[in-house]
Amino acid sequence: MQIVGLEYLVFGVDDMDGARQYLLDYGLDEIDYDPTRGGTFTALDGTGIIMRPADDPILPRLPPKASTPSLRETIYGVDNADTLSSIRALLEGEHRPLQVDADGTVHCIDDAGFGVAFTVTKRRNYEARYLGFNVPGQVPGRAPNDCAASNDEIIKPRTLSHVVYFVEDVKKAEAFYAKLGFVVTDRFKNAGPFMRPAGTLDHHTLFMIESQNDHMIGCNHFTFHLGSASEVLQHGWNFVKKGYKSFWGPGRHIFGSNFFWYFNSPFGAVMEFDADMDLHDDGWTAREYDPGADNSQIFLFNARDKWAPGE
């Protein structure tokens, strides 16, 4: 089944205006917004965030033991209508309650209690600055006089990357997505798997962690891909200067190799800046590591105020 990746994440939020400003500062484009009904905010390729008031009756039910604000539904894009029909048939064959929209979008609840949906992707091609790198011994990535650093750089998220859940029963949750063609790329022992669907080579679009705390059920974090490590650092720096609280980073993960910087958010989960994730095909053999700081990142830094020699 060619599920190509995340299309939208749907949140029920309490602070609508704060959430809107957060997404605009993050760099997403506002497609529509009403302070009483919510809005849609997208990356360059059209994938994005839908937010609604937490008490909106059209939202899927809360995940078990979760409270608002909260992720209410994860919508995956698929390559075509035939794939969507196959997913619908599989889920109907399990006698699973479904809701099917007029455009064929299929909604259900996964085996971890999260709302999940599948729709034919509407992601689009886009133009963005080519980010080349000058590395000794390789062909130059930028032309002479093309300066990479600019205080005025406008940094835009390119595509929705991945989502991470705390779940009660990770084996049960993993089995649901395996039936849909997701494969495990890496795993933390006694914690959970990183998984990618068949339609992408990204290291993961989904990571699930078995909670050791009854109150830690729900979305842990979510993120969009930026264009480079430099964009993660510069955009994260700008975020700090806007007053947002850094949660973790900047650093670089080992599983996935992506650069990261996480921030607290008004969505009931932390939100990450992410770049340069590994790609894997079916020839990859999944690794399995013990969880912990040494296996979570290859390096980690903290931001500090700017300075210059002599100051």
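This report describes the strands, cores and selected residues of a predicted model.

## Strand β1 and its partners

Strand β1 covers residues 3-13, and 10 of its 11 residues are buried, so this strand is largely enclosed by the rest of the structure. Strand β1 has a pairing with strand β5 (residues 70-78), to which it is joined by eight bridges, and these two strands run antiparallel. Within this pairing, Ile-3 has Val-78 of β5 as its bridge partner.

Strand β1 also pairs with strand β4 (residues 48-53), but here the sense is parallel and the pairing extends over six bridges. In this case Val-10 can be followed across to β4, where its bridge partner is Ile-50.

## Two residues around these strands

Thr-83 belongs to helix α2, which spans residues 81-93. Because its relative accessibility is 9%, and buried means under 20%, Thr-83 counts as buried. If residues up to four places away in sequence are not counted, Thr-83 touches Met-1, Gln-2 and Val-78; Val-78 is also the residue of β5 that serves as the bridge partner of Ile-3.

Leu-59 is found in the loop between β4 and β5, and with a relative accessibility of 10% this residue also counts as buried. Apart from its neighbours within four places in sequence, Leu-59 is in contact with Val-10, Phe-11, Gly-12, Arg-52, Pro-53, Ala-54 and Arg-72. One of these, Val-10, is the residue whose bridge partner in β4 is Ile-50. Leu-59 and Glu-73 are 14 residues apart along the chain, and their C-alpha atoms are separated by 7.9 Å.

## The open sheet

A set of 10 strands forms an open sheet with mixed pairing, and the strands follow one another in the order β17-β10-β11-β12-β9-β13-β16-β15-β14-β18. The edge strands are β17 (287-289) and β18, each of which pairs on one side only.

Inside this order, strand β11 (residues 192-196) and strand β12 (residues 206-210) run antiparallel and are joined by two bridges. Across this pairing, Phe-194 stands opposite Phe-207, which lies in β12.

## Nonpolar cores

In soluble globular proteins, nonpolar side chains tend to be buried together. In this model, the largest nonpolar core has 57 residues, and those with the most contacts inside it are Tyr-76, Phe-118, Val-163, Tyr-177 and Phe-222. There is also a second, separate core of eight residues, which includes Phe-166, Phe-194, Phe-207 and Phe-255. Two of the residues named here, Phe-194 and Phe-207, are the ones that stand opposite each other in the pairing described above.

## Partly exposed positions

Some nonpolar residues lie at the surface instead, where Ile-298, Phe-299 and Phe-301 make a nonpolar patch of about 320 Å². Phe-299 is placed in strand β18 (residues 299-300), which is one of the edge strands of the open sheet. With a relative accessible area of 32%, Phe-299 is classed as partly exposed, because that value falls between the limits of 20% for buried and 50% for exposed.

Ala-178 offers another partly exposed position, with a relative accessible area of 42%, and this residue lies in helix α3, which spans residues 170-179. Ala-178 and Pro-197 are 19 residues apart in sequence, while the distance between them in space is 8.7 Å from C-alpha to C-alpha.

Conventions: Residues numbered from 1 in each chain as written. Predicted model: local features only at pLDDT ≥ 70, side-chain atom pairs only at ≥ 80, totals over all residues. Heavy atoms only, no water. Core = buried A, V, L, I, M, F, W, Y, C linked by side-chain atoms within 4.5 Å. Buried < 20%, exposed > 50% of the residue type's maximum accessible area, 1.4 Å probe, protein only. Helix = DSSP H or I, 4+ residues; strand = E, 2+ residues; numbered from the N terminus. Contact = heavy atoms within 4.5 Å. Patch = residues over 30% accessible without salt bridge, like charges linked within 9 Å, V, L, I, M, F, W, Y side chains within 5 Å. Areas by Shrake-Rupley, 256 points an atom, 1.4 Å probe, with all protein chains shown as cover. Salt bridge = Lys/Arg side-chain N within 4 Å of Asp/Glu carboxyl O. Pairing = 2+ DSSP bridges.
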